[in-house]
Amino acid sequence: MRFPHADITTIDLMRHGEPVGGRMLRGSTDHPLSETGWKQMTDAVMRHTVDGRPPYDAVISSPLLRCREFALWLGEEFDVPVQVDDDLAELHLGEWEGKTYAQVYEQEGSEQMSAFWHDPDRSAPPSGETLAELDARVSESWQQLLANPPGKHVLVVAHLFVCNALLRQVLEQPLRNGLVMDLPYAAMSRLRHERHALGESTFIEWVGR
């Protein structure tokens, strides 16, 4: 059933571009974007412009540099308000922070890493944040956004695990499926939240473009 008079908020969810240092288990390690990363994010946003402008009424960003710097640039360039939300920071990876996959395998072997990827609701990086902890803070941020949207079309700039958490919650998948979407750098997903006669619903229009 569709409701022609629904109040609709469109939310574009964007993973950051490539950071300086390339691929690694970065977590909360605060690296800025590389030149390639800036281009990836700029190209992704410009594909959705209308008359040369992004369609956004507001931008909400993780506090980490690889998200925040681009969000602030976008806001200044197109006169769009920007909010920085600490709850959208990436999963803290504990002793794996700032290491490559090869370094972790060399130091610890593959068992703990495999457990994290295949059973993330019961395994976490050593001294790191659990997926349940990430899920709880991302849920709080998401519910606040839906309750008080800063515009009809909002861009959220965040991280791989954060984007996975948001999409998992909308799809109502179990926590063990919290890492299944391998979104590339600067991938965008679109969600539509409707307030209608029977309550509220959130739909995913597309993932990872």
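I began with two rings: phenylalanine 116 is buried, and so is phenylalanine 161, where buried means under 20% relative accessible area, exposed over 50% and partly exposed in between, with a 1.4 Å probe and protein chains only. I note that this is a predicted model, in which local features need pLDDT of at least 70 and side-chain atom pairs count only at pLDDT 80 or more, while totals for chains, interfaces and linings use all residues. Residues are numbered from 1 along each chain as its sequence is written, and side-chain values use heavy atoms, with hydrogens and water left out.

Next I looked up the aromatic pairs, for which rings of Phe, Tyr and Trp (its six-membered ring) must have centres within 6.5 Å, with planes under 30 degrees apart counted as stacked, over 60 as edge-to-face and the rest as tilted. By this rule I count eight aromatic pairs. In one of them, tryptophan 73 and phenylalanine 78 have ring centres 6.4 Å apart and planes at 85°, so I entered the pair as edge-to-face. Tryptophan 73 is partly exposed at 30% relative accessible area, whereas phenylalanine 78 is buried at 11%. The rings of phenylalanine 116 and phenylalanine 161 have centres 6.0 Å apart and planes at 80°, so this pair is edge-to-face.

Then I searched the whole structure for disulfides, meaning pairs of cysteine sulfur atoms within 2.5 Å, and found zero. Cysteine 67 is in no disulfide, and the nearest cysteine sulfur, that of cysteine 163, lies 8.0 Å away, which is too far for a bond. Cysteine 67 is buried at 0% relative accessibility, and cysteine 163 is buried at 1%.
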